[in-house]
Amino acid sequence: MQAGVRGESEKKEKGEIAEDVLKGLSGKPKKLPSKYLYNDEGSRLFEEIMDLKEYYPARCEFEILKDSKDELLQYLKNDHEVYVVDLGAGNGIKTFILLHYFHRRLPLKYLPIDISKLAIDEVVQKLKLKIPELQIEGINADYFEGLERLKELKDVKKLVLFLGSNIGNFNIREAIEFLNHLHKSLNKDDLVLLGFDLKKNPVTIRTAYNDSKQITEKFNFNILKRINEELGGNFDLKKFMFYPTYDPHTGEMKSFLISKESQSVYIKALDKTFSFDTWETIQTECSNKYSLDVIIDLAEKTNFQIENNFFDSNHYFVDSLWKVK
Ligand SMILES: C[S@@+](CC[C@H](N)C(=O)[O-])C[C@H]1O[C@@H](n2cnc3c(N)ncnc32)[C@H](O)[C@@H]1O
């Protein structure tokens with residue numbers, strides 16, 4: 001990307017954050033979009049989260065991809081060229097399992113898409129070392145911008161990965177909207193592999209978001225640090241507490257930052273002061289946990305056909321393979 005173009009895109013990104021923070025902190029209840037957790041620092045912290053003993057989703061999906069890579073290959077082996085599109089690729093280390101196995105058996109191109117520039121730069125750099133012959137094009141963009149790019153790829157078979165329970169950050173209405181959008185960006189018979197975290201013992205779920213090393217707490221607080229650094233906010237982090245909670249009825253794992261006292265916070269870029277009551281909440285994350293019935297319903301409503309469901313040995317997580325009808 002040229003310097004002028006990058007300057008423009010940074011300005012646009014800053015404008016979007018400012019707009020979303022204004023909306024999120026003006027709402028009742030207050031809420032910040034979880035995509036803003038992933039600046040450079042957030043992406044680094046998320047890598048640490050993936051290694052935590054309490055954070056089972058990463059381990060489950062590693063197991064699933066290792067065990068099912070050959071079965072997945074069978075769905076692609078007759079195609080002349082396959083584009084593996086990785087939405088919210090992160091550090092891509094789970095995807096490497098597939099790329100490593102597929103690239104000797106298929107003509108392959110890899111397109112990681114992520115809102116974090118650090119994540120994209122790292123995944124491209126790492127892959128160039130690990131699999132130098134693989135064609136790779138990193139795209140630093142929001143999911144929806146990324147999907148626009150997919151529309152340009154008309155005559156190639158696509159396998160879209162949406163791993164790591166990324167879909168769980170949407171509520172059902174948003175998930176349907178996103179999947180409809182995805183469907184429109186693909187061709188008949190294209191494939192999508194979606195990682196869903198399943199409902200399970202609520203204690204296991206809550207512990208995964210409330211780890212003993214408090215890395216997840218740091219990850220959530222990073223959103224306030226980001227507002228301070230990028231938008232000139234004066235959040236005093238000590239005046240907030242981290243509170244993750246799981247509702248086994250709705251399947252929502254929500255994380256909050258809660259104001260421990262009545263206070264005001266000024267954000268320079270918005271030239272606005274926000275008031276917080278004692279114990280007022282800011283929701284920073286919501287990760288929805290699914291039942292298989294809901295997954296089946298989601299596929300039906302958005303015109304996909306479920307081809308296969310790959311589970312880990314505990315049935316904590318499923319990578320569900322869908323085909324465009
Ligand atoms: C939970 S991590 C999962 C990473 C990886 N897919 C995995 O399974 O390990 C979520 C990733 O999605 C990216 N992300 C979050 N919201 C996004 C958005 N709206 N558009 C594009 N990327 C997004 C984050 O930067 C982060 O790298």
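This passage describes the confidence, domain layout and ligand surroundings of a predicted model.

Confidence is a helpful place to start. The protein chain has an average pLDDT of 94, and 96% of its residues reach a score of at least 70. Residues 1–6 are a stretch to treat with care: pLDDT stays under 50 there, and the model gives this segment three contacts beyond four places in sequence. Where pLDDT is low, the predicted coordinates should not be read in detail.

Turning to the overall layout, the protein chain is split into two domains, each built from two segments: domain 1 comprises 3–31 and 206–288, while domain 2 comprises 56–198 and 290–324. The centres of the two domains, taken over C-alpha atoms, lie 28 Å apart. Where they meet, eight residues of domain 1 are in contact with 10 residues of domain 2. About 630 Å² is buried between domain 1 and domain 2, with carbon and sulfur atoms accounting for 35% of that area.

The ligand is surrounded by 18 residues, of which Gly 88, Lys 94, Asp 114, Asp 142 and Tyr 143 come nearest. By character, this shell divides into eight nonpolar, five polar and five charged residues. Backbone atoms also approach the ligand. A nitrogen atom of the ligand sits 2.9 Å from a backbone N or O atom of Tyr 143, one of the nearest residues named above. Ligand oxygen also takes part: a polar backbone atom of Gly 164 is 3.2 Å from an oxygen atom of the ligand, and for Gly 90 a backbone N or O atom lies 3.5 Å from a ligand oxygen atom. On its own, the ligand has 590 Å² of accessible area, and the protein covers 93% of it.

How values were computed. Residues numbered from 1 in each chain as written. Predicted model: local features only at pLDDT ≥ 70, side-chain atom pairs only at ≥ 80, totals over all residues. Heavy atoms only, no water. Near = heavy atom within 4 Å. Polar contact = N/O pair within 3.5 Å; in protein donor to acceptor, adjacent residues only side chain to side chain. Areas by Shrake-Rupley, 256 points an atom, 1.4 Å probe, with all protein chains shown as cover. Nonpolar A, V, L, I, M, F, W, Y, C, P; charged D, E, K, R; others polar. pLDDT = per-residue confidence, 0-100. Contact = heavy atoms within 4.5 Å. Domains from an automatic or database assignment. Buried area = accessible area lost by both parts, 1.4 Å probe.
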